[in-house]
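The following paragraphs offer a guided reading for someone who has not met this structure before. Please keep the sequence and the 3D view at hand while reading.

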Amino acid sequence: MTTKAQSRREWLIRAAKAAAAYPVLNMGITMVSCGGGGGGGNSGGGGSKGGGGYTGTDDQLMDDIQRAAFDFFWTEASSTTGQIRDRAPAVGGGTSTFSSIASTGFGLTALCIGDKRGYGASAQIKQRVITTLTFLANTMPNVNGFYYHFVDINTGARYNTNVELSDIDSALLFCGVLFARQYYNDPTIASLANTILHRVDWAWFLNGGTMYSMQWTPEAGFSPSRWDHYCELMMMYLFGLGSTTHAIPAASWAAWSRPPISYQGYNFVYGDSPLFVHQFSHAWFDFRNKTDSLGYNYFQNSIDATHAHKLFCLSLNSQFSDYSDNLWGITASDYNGGYTAWGGPPAKGPIDGTVVPCAAAGSLPFVFTDCIAVLRNIRSTYPNAWKRYGFVDSFNPLTNWYDTDVIGIDQGVSMLMCENQRTGLVWQVFNTAPEVQAGMQAAGFH
């Protein structure tokens, strides 16, 4: 954790700006994860190239990823509150009380996918969803409907006074709440979900402006930093635009900037952030074949960003010989020095040859052939990168370092994007919600 209250996005912005001033190999950022928390997972060991190779089909590999992720979200949760650990050992057996609302949001969706796919007993999964929603609706502290980023898994209390009230992490949680409501179409679940969603005062987080503040704390109030440029923020603005109780002005959608970048023939909107920013909103919102009122096609934008990121990784091959056509992908993750924001283009962070499996998994619907090739190669060639909960968060073939942890948000985006690639279920269910349709309409999507 950082030593002062600071949202994960503020930290990432500072990290990215700092990294820009350093050579690729000379910057270590180890404070706090993006949605994931500090600590853990940075002592590796064991493992080498080899193994008999993965013989399953691409669909079987995605199913393996999803089953393992479901196991994480089911096991690494409190059975009494439904809140889910921010991270856990990749082999299982987490004991931390450090829970992330973003992990819980991904987890609610993962539970529904698991119910659909028969990964567990349907009645038990549904009861876990009800338990989670009941706790969120009636017990867990909130301020104007928003929740603290990190909470105690057993009590729901703000983890400590460094933890901010987070609009972006609340939005990730609300995605899971809304998906569960739409998936089950059950009166009890709908009532609980509506209690959670209808009290969210999106206009309050604008703090008198047209763009959201990045955080609020009881001690300092609103952060002066704003969600003012393209990143994973689309979900927040669409929720606010589509709110039936506390809507924000339509002008807020156009208020944030969309900085362009060009890299090796690919032109796309870019927020000077790791690859996950092109994935998170897309995990739930269906942007396929749509443009907004400003003429942007964000799904194509993520396709181009993924292509560019692969080419960027390949351009580093002279420094890091492991990066190849079938082994690439860097996004905010663990590394052997802690947790960092890294990626490119342009290069940012302490890039050292580490590979982050969720970079490819989270982009499966964008560039399937290239991304599944990476995942097959990791599963086939690096057996120590696969544990009980699936791929470890990251590993470095050049130094034989393997992370010991998985992180909830990285598990989550991998599972959801596998399902969207396989069936489109998350998109189909989530986008039946009237609030989603209203938000997309207000943003001018057509």
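In which sense do strand β6 and β7 pair, and over how many bridges? The model to be examined here is a predicted one. In it, β6, which covers residues 260-263, pairs with β7 in the antiparallel sense, and four bridges join the two strands. One of the residues involved is Tyr263, whose bridge partner in β7 is Tyr266. The two strands form a hairpin with two residues between them. In the turn, Gln264 has a positive phi of about 45 degrees. As a general matter, the side chains of a regular strand alternate between the two faces of the sheet.

From β7 the reader may turn to the aromatic residues. A search of the whole structure yields 46 aromatic pairs. Among them is the pair of Phe287 and Tyr298, which is edge-to-face, with 6.1 Å from centre to centre and 65 degrees between the planes. This pair links distant parts of the chain: Phe287 lies in the loop between β7 (266-269) and α10 (298-315), whereas Tyr298 belongs to helix α10, and 11 residues separate the two in sequence. Both Phe287 and Tyr298 are buried.

Aromatic rings also meet charged groups. The ring of Trp74 has the charged end of Arg128 sitting over it, 3.9 Å from the ring centre. Likewise, the charged end of Arg379 sits over the ring of Trp386, at 3.9 Å from its centre.

Another arginine, Arg85, deserves attention for its surroundings. Arg85 is located in the loop between α2 (58-75) and β1 (87-89). Is this residue buried or exposed? Arg85 counts as buried because its relative accessibility is 12%, and the cut-off for that class is under 20%. Its side chain makes a polar contact with the side chain of Glu76, at 2.8 Å. When neighbours within four places in sequence are left aside, the residues in contact with Arg85 include Phe72, Thr75, Glu76 and Ala77, as well as Gly94, Thr95, Phe98 and Ile153.

Finally, helix α6, formed by residues 187-198, contains Asn194. With a relative accessibility of 22%, Asn194 counts as partly exposed, since a residue is placed in that class between 20% and 50%. Asn194 and Arg181 stand 13 residues apart in sequence, and the distance between them in space is 8.4 Å, C-alpha to C-alpha.

Definitions and conventions: Residues numbered from 1 in each chain as written. Predicted model: local features only at pLDDT ≥ 70, side-chain atom pairs only at ≥ 80, totals over all residues. Heavy atoms only, no water. Buried < 20%, exposed > 50% of the residue type's maximum accessible area, 1.4 Å probe, protein only. Polar contact = N/O pair within 3.5 Å; in protein donor to acceptor, adjacent residues only side chain to side chain. Contact = heavy atoms within 4.5 Å. Phe/Tyr/Trp six-rings, centres within 6.5 Å; stacked < 30°, edge-to-face > 60°. Lys NZ or Arg CZ within 6 Å of the ring centre and 35° of its normal. Pairing = 2+ DSSP bridges.
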